[in-house]
Amino acid sequence: MHHYIGHDYADDIRERYAEMGVAAVFEHLTEYMRLLEDAVDVVRQDIRLVNHDKGTPGKPIGIALDEYNPWYKTGDDPQCDDGLTEEYHLADSLLVAAYFGIFLRNADVLTLANMTQLVNALPAVVCESDGKGFYRQGISYVQELFAVSRGHTAIDVWADSPVREGSYYPSVPLLDVSASHDEASGEVLLYAVNRDAERPLSLEVACPAGPLAPHEVAMFGGGPLDAANTFAEPERITIRHRPADTGTPLVVPPATVIRVRLRPATAVWRKVTSSVPVRAWTVLPVARGGTE
């Protein structure tokens with residue numbers, strides 16, 4: 001599968017994005033990202049049907065999304081000096097966050113995804129021709145936020161989110177959530193994208209296995225949708241880290257993606273077995289799991 005949001009037959013806006021404006025394009029494309037998730041679900045059902053017909057239920061067959069990225073401004077865009085390179089702003093970066101949310105929620109079947117054309121047309125890093133300067137585009141910071149979930153187990157999430165009216169779908173959730181679990185540490189990484197460019201959204205987390213407490217928050221965004229890094233301002237949009245305040249609700253600022261590290265809020269005791277030699281003593285270091 002290939003998917004270039006803004007470049008596909010269903011949402012091709014290359015001829016219209018300049019007159020639409022960044023905010024309208026962002027609303028349009030965040031809604032149409034759902035078409036990709038719908039397509040993944042259709043293929044998932046096809047895989048089950050094929051396995052049933054072949055008598056191989058449960059045979060692992062994955063989906064390869066071998067090319068993806070936002071792509072709709074190259075050519076006539078005044079930001080693209082060479083007429084080819086796409087300059088990504090905050091709104092585009094939040095679309096990439098939507099991609100990663102889809103990958104996590106469908107990790108049972110979406111087993112390969114390649115962000116493509118990163119060298120010439122759709123780069124994560126832009127370099128000067130003389131090699132003296134460079135800057136990271138916003139899409140690379142989104143990669144960094146989600147990369148720490150590598151090797152984790154994707155977990156199902158359900159979100160009760162405010163919505164806005166859509167042009168194709170009846171309603172579009174303003175909060176996009178996904179999560180992963182690290183079995184070694186017991187941590188849960190929760191990702192939340194606030195698609196509302198004007199209003200913050202509160203985040204309340206509940207887990208059937210027990211209460212979770214936020215430990216650290218990393219966030220990207222929060223500025224104008226057209227904010228972008230340049231050679232003059234190479235870190236205008238970047239990741240910011242802060243410790244979580246367990247006494248206050250989590251809030252996702254407008255046009256922002258956050259990653260929250262969650263840990264069990266109560267102690268988890270584990271049985272420890274050790275042998276002690278005759279006429280000897282030993283010391284067992286014991287820590288309470290889930291707390292510091």
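In this predicted model, three strands form an open sheet in the order S1-S2-S3, with parallel pairing. Strands S1 (2-5) and S3 (110-115) each have a single partner strand and stand at the edges, so one side of each is left without a neighbour in the sheet. Helix H3 packs on this sheet, and aromatic pairs involving residues of H3 reach strand S2 and helix H4.

**Sheet and packed helix**

- Averaged over the sheet and with direction ignored, neighbouring strands are turned by 25° against each other.
- Four bridges join strand S2 (residues 63-70) to S3 in the parallel sense.
- Ile63 has Leu110 of S3 as its bridge partner.
- Helix H3 (residues 90-105) touches S1, S2 and S3, and the direction of H3 makes about 165° with that of S2.

**Aromatic pairs**

- The model contains eleven aromatic pairs.
- One of them joins Tyr68 and Phe103 in an edge-to-face arrangement, with 5.0 Å centre to centre and 75° between the planes.
- Tyr68 lies in strand S2 and Phe103 in helix H3, 35 residues apart, and the pair thus links distant parts of the chain.
- Tyr68 has a relative accessible area of 3% and is therefore buried, the cut-off being under 20%.
- Phe103 also falls under the 20% cut-off, at 12% relative accessibility, and so counts as buried.
- Phe100 and Phe146 form a stacked pair, with 5.0 Å centre to centre and 20° between the planes.
- The pair of Phe100 and Phe146 likewise links distant parts of the chain: Phe100 belongs to helix H3 and Phe146 to helix H4 (residues 138-147), 46 residues apart.
- Both Phe100 and Phe146 are buried.

**Ring cluster**

- Tyr68, Tyr99, Phe100, Phe103, Phe146 and Tyr191 are linked into a cluster by ring pairs.
- Members of this cluster include Tyr68 and Phe103, which form the edge-to-face pair, as well as Phe100 and Phe146, which form the stacked pair.
- Within the cluster, Tyr68 comes from strand S2 and Phe103 from helix H3, while Phe146 comes from helix H4.

**Charge over a ring**

- The side chain of Arg136 lies over the face of Tyr141, at 4.0 Å from the ring centre.

Note on methods
Residues numbered from 1 in each chain as written. Predicted model: local features only at pLDDT ≥ 70, side-chain atom pairs only at ≥ 80, totals over all residues. Heavy atoms only, no water. Pairing = 2+ DSSP bridges. Helix = DSSP H or I, 4+ residues; strand = E, 2+ residues; numbered from the N terminus. Axes fitted to C-alpha atoms, helices over the stretch in contact; angles between N-to-C directions. Contact = heavy atoms within 4.5 Å. Phe/Tyr/Trp six-rings, centres within 6.5 Å; stacked < 30°, edge-to-face > 60°. Buried < 20%, exposed > 50% of the residue type's maximum accessible area, 1.4 Å probe, protein only. Lys NZ or Arg CZ within 6 Å of the ring centre and 35° of its normal.
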